[in-house]
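Hi,

Here is the structure I promised to pass on. Have a look at it first, and then read on for what turned up when I went through it.

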Amino acid sequence: MAEPKEPQQPPSPPPGPALPAAGPDDVSLLIDDRPVVVRKGTTVLQAAEQAGLLVPHYCYHAGLSIAGNCRMCLVEIEKAPKLQIGCATAAAQGMVVRTQTARVKSTREAIMEFLLINHPLDCPICDQAGECRLQQYEAAYGAGRSRFNEEKVHFPKRYDIGRNVVFDAERCIKCTRCVRFCDEVSKTHELALFDRGDHAIIGTFPGRPLDNPYSGNTVDICPVGALTWKPFRFRARVWFLRDVPSACAGCARGCSVNLATYNNRIHRITPRQNMQVNRFWICDAGRESHAPLSERPRLAGPRALAACKGGPQQEAAWEEALDRAAELLRETAKAHGSGALAGIVSARLSVEDLHLARKALSEAAGIPRLGVPPHVEGEDDHLLIRRDRTPNAKGAALAGPGAPHAGRVKEILEDVAAGRVRALVVVGEDPLGDGLIDAAALGRLDALIVIDWWKSPTAEAAHVALPSCGYGECEGVLVNFEGRAQRMRAALRPWAEAEPTWRILRELGRRFGLAGEYPTASAVFDEVAATVPAFAGLSHRALGGLGAVVKEA
Amino acid sequence: MPLKGTPVKRAAHAGLLAATYLPSILKGMWITLRHIFRRKVTMQYPEETWKLPDNYRGLPALVRDDQARVKCVACFLCEYVCPPKAIHIEAQEIPTGVEKGPKVFDINMLRCIMCGYCEEVCPEQAIFLTKEYTTVGVNREEMIYHKDRLLEMGGIRPDPIKKWAHLTAEAGSGTHR
Amino acid sequence: MSLPVREETDRRIDELKGRFPHQGSALLPALYLIQEEKGYISDEAMEYVAGKIDVSPAFVAGVVSFYTLFHRGPTGRHHIQVCRTLPCALRGCQDLIAHLERRLGIKVGGTTPDGRFSLATVECLGACDTAPMLQIGDRDHGPLDARAVDALLESLR
């Protein structure tokens, strides 16, 4: 068969712009007549990406080694007799690459046909549908029809491959991204490719299932619907979901994430690429960090104890509850001196919350001591997880009431037990549930004011309990252990009567003469930027999607 | 300002006979008499009902296949495409056979406009518009048809394409759910 | 922990490791040694080899499953491997397999109750000129029809 005539390929010299000059460590090449200059060692696929051209691919992933097995990225390179895979061909000086020729297109069509030969017609029941590379590429590059009349190869469809992951072997295209992830990133080596030919299947060694703290990433990088995340299985179709860029509040790493919401609920959390923080990955715990939102009992509205002590908590209006809180604090200060006031503030709160905690509680209400409890669990691991489970310890140190300090918190709680502290304000913490203090000691307080998003044991024991927004319901900035400030975004409407913590603190502070306007979280952050040198020049807008590093002294 | 225009022409006086109204009465009675012997056009609904054309679009309903398996796999495409948002689905995992199906499948017949988009978009041929057009309820809740009622309305509809045959065979029978 | 292989085999695997620029390359010969000793490669043996040459057990299991000449369980005394790749398929290996299953009373992958024969299908054994063919031990047999198979089985009883 004669080669189809190609208008884009006249005999040399090639048309279009001349190659730009390349530095000693660079190479310059032409991709679809666009001049591109890239670092030496860059692959053709990556060079095309830099030039804004998509070379379709399945097995290539920027965070993994090159496998070159899916063959989808075949491109035409001048002087090479056959098409070359873009993912494993290094860009070279003077190379002329074409990604849109008839030959490339017919090859992509053929590759799609091969990949789909044994692929089941599962799209209606497949969680990947809507974000599936097979669907996308078939629409863009495939023939749109099947010539395969024979019975497809059948595989196990509900292969329980690990604690949180289900494997559908029929959907798998054997790109081995998951295998490479376990070998190279999580370094847990659970997965391997078994058998061969059309019987090849991803599998585990007997008795060693896919069970590592990062197993969910295999689901993300799976370009098809072969690996699915158990908690998300059949929960929602992805085309209903809206991804809200945010930061994870699970540990001091503060991974960039997307909160996928639908019907005012977070249905899943997926990593958002941020090379300065988490690259392409998040841990499984972070992935499921939205679960408590629906599992734990929420505080619907403000609750206050009836005026006589010992009565049951009753629902109260916001103004009423705030008045009562302020009154309790004032009465205690009058009776026992301001030394009898103390506060416990969480480093899980945002910079805005912590800034207003300092302004409202320390400065306006005159609470002399604010303790920030540390939360430590396990050890730092080789990838992302930090033993410090407070996402904003650095923010608390720079803009809030101080770095987490177990000793100071212990001192305060001992004083509570000894009766030296008569009024305690607890913001976002649960000392009773965490076992830092017992109920009897807490019961000795004249005033316990709790601001928290859920009905924690401490909140249930409170004289005034004020409902704050849970994770994903409010705006705020977190500063991770490396000093990178990132924004958390509001993905959900606040539940029932919940309010952002900073706004509750603002209202409480106003009852003690707090002056500032503080209309929005962004305005609170602007004040932080203006008053705290580390945050100078920053704003919600300036932080953007990837955050910025604070200037530490 | 005087009005402009052409004055209305009034009919001339009809005469003495017309003034008795007898010709008009007789003419009217003649028309009535003629209709007594014509074919009747009034339908004795509900004893008699319409003969509906094959492409009539009535209330939507869910169907089962010839193994009595619920054909719907809860893909949510009908919920997505439904213009008045009359459909509400919740999916569930099924331990055998086709792994996914509807736990909840509600159609609000007060909202439904019988457009047939759901039937058209369904990749499993699980929802069809029936020829049913009577829908009665004494409150809004009754007008929301649940899965069981929709399945009862749809009945069994054999499908020549046995797409899930190997899975339902493996499960022993398709009659779960 | 006791070794799942003889000390001699263990020593020879150690020896193999030094022969390759990457010790992982010693995997195939090491598996050969184990199969030579045991007749098959057990899960314990795979874990042992994995630890020995520093690869993951899953990878070892993947390699073992790739090659039909490695067995993950005991085989019959005569392990019949029938080629099912294209030339043999065109020459009727399906009939050959069906006939063997009938004669031996076992399915592909099974072993006769007396432990004399086991049956497996494999990919091309490089004897397409004698398709349809099978291999028992180190010997190829082909081309085979029903009568030739019967004679072959008889000679092995």
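Going along the sequence of chain B, the order of elements is α-α-β-α-β-β-α-β-β-α-α. That comes to 6 helices and 5 strands. The radius of gyration of chain B is 29 Å, while the globule rule gives 16 Å for 177 residues; the value is well over the rule, so chain B is more spread out than a compact globule. Its C-alpha atoms take up a box of roughly 95 × 55 × 35 Å along the principal axes. Of the 177 residues in chain B, 26% count as buried. If you take the contacts in chain B between residues at least 6 apart in sequence, 75% of them join residues at least 24 apart. Please keep in mind throughout that this is a predicted model.

Now chain C. It has 7 helices and 4 strands, and from start to end they run α-α-α-α-β-α-α-β-β-β-α. The box around the C-alpha atoms of chain C is roughly 50 × 30 × 25 Å, again along the principal axes. Chain C has 157 residues, and 31% of them are buried. Among its contacts with a separation of 6 or more, 54% are between residues 24 or more positions apart.

Who touches whom? There are 2 pairs of chains in contact, and chains A and C share the most contacts. Chain B and chain C are not joined by any contact, and their closest C-alpha atoms are 19 Å apart.

For the contact between A and C, chain A puts in 13 residues and chain C puts in 10 residues. On the chain A side, strand 8 (residues 191–194) gives the most, with 4 residues. In terms of residue type, the side of chain A that touches chain C has 6 nonpolar, 3 polar and 4 charged residues.

For the contact between A and B, the count is 14 residues from chain B and 11 residues from chain A. Strand 2 of chain B (residues 87–93) supplies the largest share of the chain B side, 3 residues. That side of chain B is made up of 7 nonpolar, 2 polar and 5 charged residues.

On to chain A itself. The domain assignment splits chain A into domain 1 (26–112), domain 2 (119–295) and domain 3 (303–472 + 495–517). The centres of domain 1 and domain 2 of chain A, taken over C-alpha atoms, are 26 Å apart. Where these two meet, 15 residues of domain 1 are in contact with 19 residues of domain 2. The domain 1 side of that contact holds 8 nonpolar, 4 polar and 3 charged residues.

There is also a sheet in chain A that I went through strand by strand. It is an open sheet of 5 strands in the order 2-1-5-3-4, with mixed pairing. Strand 2 (34–39) and strand 4 (84–85) of chain A are at the edges with a single partner strand each, so one side of each has no neighbour in the sheet. As a reminder, strands of a sheet pair through backbone hydrogen bonds, either parallel or antiparallel.

Strand 3 of chain A (residues 74–77) is a good place to zoom in. It runs antiparallel to strand 4 of chain A, with 2 bridges between them. One bridge pair to look for is Val75(A) with Gln84(A) in strand 4 of chain A. Helix 2 of chain A (residues 102–117) packs on the sheet and touches strand 3 and strand 5 (96–98) of chain A; the direction of helix 2 makes about 160° with that of strand 3 of chain A. The hairpin of strand 3 and strand 4 of chain A has 6 residues between the strands, and Lys79(A) there takes a positive phi near 80°.

Strand 3 of chain A also runs antiparallel to strand 5 of chain A, and 2 bridges join those two. Here Ile77(A) has Val97(A) in strand 5 of chain A as its bridge partner.

Last one: which residues of strand 3 of chain A point one way, and which the other? Leu74(A) and Glu76(A) point one way, Val75(A) and Ile77(A) the other way, and all are buried.

Cheers

Terms used: Residues are numbered from 1 along each chain as its sequence is written. Chains are lettered from A and ligands numbered from 1 in the order in which they are written. This is a predicted model: local features need pLDDT of at least 70, side-chain atom pairs count only at pLDDT 80 or more; totals for chains, interfaces and linings use all residues. Two residues are in contact if their C-beta atoms, placed from the backbone, lie within 7 Å. Ala, Val, Leu, Ile, Met, Phe, Trp, Tyr, Cys and Pro count as nonpolar, Asp, Glu, Lys and Arg as charged, and the others, Gly among them, as polar. Domain bounds come from an automatic or database domain assignment. A residue is buried if 20 or more other C-beta atoms lie within 10 Å of its own, exposed if 12 or fewer, and partly exposed in between; C-beta atoms are placed from the backbone. The radius of gyration is taken over C-alpha atoms; the globule rule is 2.2 Å times the number of residues to the power 0.38. Two strands pair if DSSP finds at least two bridges between them. Axes are lines fitted to C-alpha atoms, for helices over the stretch in contact, and angles run from 0 to 180 degrees between N-to-C directions.
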